[in-house]
Every structure is written in structure tokens, then in C-alpha cells.
Amino acid sequence: MTLLLLPNELLLYIAKNLQRDKDINALIRTNARLYHLLNTYMYRRNVRTSESSALFWAAKNNKIATFQKLLDEGANASSIITLAGRQWTPLALAAEAGSGDVAELLLKENGVSPDLKDECGYTPLSWAAGNGHTLVANILLEEGKANCNSRDHNGRTPLSLAAENGHEGTVQFLLAHCMTDPQASDSNGWTPLSWAALNGHAKVTMLLLAHPNVDPDLSSSSGRTALSWAAWNGNSEVVRLLLKHPQVNPDSRNKFGRTPLSWAAANGHHEVVKLLLATRKVDPNSKDDCYRRTPLSWAAGNGHDKVVELLLAHSSILFEPKCLWGLTPLSYATDKKHWTTTNLLTSIFPYEYK
């Protein structure tokens, strides 16, 4: 006797005794009769016994038909699930994954809030913007009337998250929204421009610099500007864009006296060093306030020969600036066994050490 010869009552009994949803799903896929008989039962069972787990799968994969069926069987559109140690609502999961159809459906459900925050302060718009899902961001703002300037527990806004990750289209969309604050600072004083500059997102930087309400030289709580972060990370294209802006000070100092040139030299970013020196508006001998070290001292101490060459070629460079402990660039180079740097320093000014 084959399985299909059994009456419906026995087939339902068999399905009810299967332990896992995926086993029922496998069964109903074998035959059209089983599908029509057991499909509704499978959705109802998932809602009642599996905490609507399929609802979150459908949200993440933009399966709107599946999502609607689960809602019809009583699934809670505002339910919460824990995944990878983080709590998610269906709307947050849809926003994170870019599931626009499901997000639009959810916003029509009673009790679904577009501004509900998770334990880290992320809203669905935070997830959509941070992952570059412009369509979902539009749905949340236009249909859900979400707060475009919502802040997470670190003070980050959706625009800040989009700028950090280089999502040009999303940044452009958010900037076009009349309520978006283009330079909302987070808890450390970082603006969207700071994040874009740090991570080398030139196109996002251009969009932000073009906005009339963005101060390109605004400093963080530690005194770091967007140029400082771009120079520190060696993002030469962003540095070039920032240096073209008339309001940007190429020789700004943070609260510890470090300049963009100091950071670029210390990290060996010779292209950035070249750009900064070419402005003729930076002091190549500036000393920080903590260690009293110059850009040449930092470059020599870290063995960055190309930077050392650029600095030594500058007409105003001081060859033997001493730091707080009386050490010169040559002292740092020899102490750290950077022999090529040592040879470079002594070969250019051999008489300084006689």
C-alpha cells in the first residue's frame, strides 16, 4: 500500500507526528495532493509550535507570499527572535537584508513601529542605511515615517552608518531628505564626513562636501578633523578632495598637537605627505604636545624611507629636532634597527654627526 492511498485523516496524523518543520516541508514537496493537504497545516504549526521562525526566514529572504500566509495563520508581525546573540523583529531583519516587499507589507500591520530600537539602539532604518538598501530606506521614511536622525547607543545616525560603509546611493538619498542632519556628531564627535574620510570613500566625501550645511573642518572630541583621519589612514584621494576645500585647515592640530602631516608620516603614507607638503601651508617641523616629536621623527622611527626622503627634501626641514627625551630622528632609526633609514639620514647630512 503506497502512502498516497491513505485517507487524508491518516496523512494528517502522520504529519502531526513528524518532529521537525523541515520534515513536513520535505513531505509536502513530494506530491501535489500532499501539498494542498498539508501546506496550510505546516504554516499553522510553525506559528504555534516554532515561535513563527519561518516568519523571520521569509523576512530575510523577501518571500512575501510565505510571509503573508504566516500572518494569516496568526503570526505576530512584531515578534522578536534572537539570532547570533542579537534581538530582531521581522521589520529589522527585512531592513538589514534589503527585503523591500516584506518591509512594505509590515508597515501596514498594526503595532509595527518603524522606529523600534534593538538593544544597541539600531532602528530598521539604521540597518537599511548601514547596508546600503536605499529602496528599503525610502519605504521606511516615506511610508513608515521613520525618524531619519535616530541615534544608536553610540550616537550614530543612519547617515553616519551609510557614510562609514561607502553607500553612495543611500547617502545621496538621505541627504536629499529635508529632515536629515548632514553632520550629526556621534558620542565621540565623529560626523558622517569623518567616517567617510577615515574609510577612504571618495564619492561619499564629495556628496557631503557639496552639502551647504556640512562643516568640512569640524573636529571630534579628540580634536581630529576629517582630514586628520584621512591622512592617518592614507586615503590620498579623500585627502586631495579635502585640501581643495577652502575651509579645510591642512595643518590642524588635535588635542595632543598631532597634525595630519604627523599622522601620515608616522604611518608611512608618502602620497599623503606629498599632498600636504605641496600646499605650503603645513609646518614640516611641528611637534606634538605629548612627545615633542616631529613628522621626521615619527617617519624615521617607523622606518618609512619614502616619507623620510620627502621630508628631507623640504627646504625648511630641521634635521636634528629633539623629542621630549632628547632623541633625534637618527636616534629612533638606529634604536629600532631601521638601517636603510639610518643610512639615508647619515648620507644626506654626514657632517652633522662628526
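A crossing of two helices is called left-handed if the near helix is turned anticlockwise from the far one by less than a right angle, and right-handed if clockwise. In the predicted model described here, helix α19 passes helix α21 in a right-handed crossing. The contact between these two helices is taken up again below, after an outline of the whole chain.

The protein has 21 helices and two strands. Of its 354 residues, 48% count as buried. Among the contacts in the protein with a separation of 6 or more, 64% are accounted for by residues 24 or more positions apart. An unreviewed UniProt entry places the feature "repeat: ANK" at residues 120-144, 154-175, 222-245 and 256-277. For residues 222-245, the chain is 62% helix and 0% strand, and 22 Å separate the C-alpha atoms at the two ends. Residues 256-277, also annotated in that record, are 68% helix and 0% strand, with end C-alpha atoms 21 Å apart.

Helix α4 covers residues 53-60, and helix α5 covers residues 64-72. Their axes are 8 Å apart, and the two helices pack at an angle of about 150 degrees. Since angles over 145 degrees count as roughly antiparallel, α4 is therefore roughly antiparallel to α5. The crossing of α4 with α5 is left-handed. On the α4 side, the contact is made by Ala54, Leu55, Trp57, Ala58 and Ala59, and on the α5 side by Thr66, Phe67, Leu70 and Leu71. By class, eight of the residues in the contact of α4 with α5 are nonpolar and one is polar, with no charged residues. The loop between α4 and α5 contains Asn62. The phi of Asn62 is near 55 degrees, a positive value in a residue other than glycine. Most residues other than glycine have a negative phi. Asn62 is partly exposed, with a relative accessible area of 26%.

Helix α6, formed by residues 90-97, is mostly covered, and seven of its eight residues are buried. The buried residues of α6 are Pro90, Leu91, Ala92, Leu93, Ala94, Ala95 and Glu96. Gly98, just after α6, has a positive phi of about 80 degrees.

Helix α17 consists of residues 270-278, of which Val272, Val273, Leu275, Leu276 and Leu277 are buried. These buried residues of α17 pack against four elements, namely α14 (226-232), α15 (236-243), α16 (260-266) and α19. Just after α17, a positive phi of about 60 degrees is found at Arg280. Arg292 is located in the loop between α17 and α18 (295-301). For Arg292, phi is near 60 degrees, which is a positive value in a residue other than glycine. The relative accessible area of Arg292 is 35%, and this residue is partly exposed.

Helix α19, one of the elements packed against by α17, spans residues 305-312, and helix α21 spans residues 339-348. The axes of α19 and α21 come within 10 Å and cross at roughly 15 degrees. Because angles under 35 degrees count as roughly parallel, α19 is roughly parallel to α21. In this contact, Asp305, Val308, Glu309 and Leu312 of α19 meet Thr340, Thr341, Leu344, Leu345 and Ile348 of α21. The residues of the contact of α19 with α21 comprise five nonpolar, two polar and two charged.

Phe319 is placed in the loop between α19 and α20 (329-335). Phe319 has a relative accessible area of 8% and is buried, as buried means under 20% relative accessible area. Although Phe319 and Leu296 are 23 residues apart along the chain, their C-alpha atoms are separated by 8.0 Å. Thr342 lies in helix α21 and is also buried, with a relative accessible area of 9%. Not counting residues up to four places away in sequence, Thr342 touches Leu330, Ala333 and Thr334.

Note on methods: Residues numbered from 1 in each chain as written. Predicted model: local features only at pLDDT ≥ 70, side-chain atom pairs only at ≥ 80, totals over all residues. Heavy atoms only, no water. UniProt positions renumbered as here; feature names shortened; annotations may be inferred. Axes fitted to C-alpha atoms, helices over the stretch in contact; angles between N-to-C directions. Parallel < 35°, antiparallel > 145°, perpendicular 65-115°, else oblique. Contact = heavy atoms within 4.5 Å. Nonpolar A, V, L, I, M, F, W, Y, C, P; charged D, E, K, R; others polar. Buried < 20%, exposed > 50% of the residue type's maximum accessible area, 1.4 Å probe, protein only.
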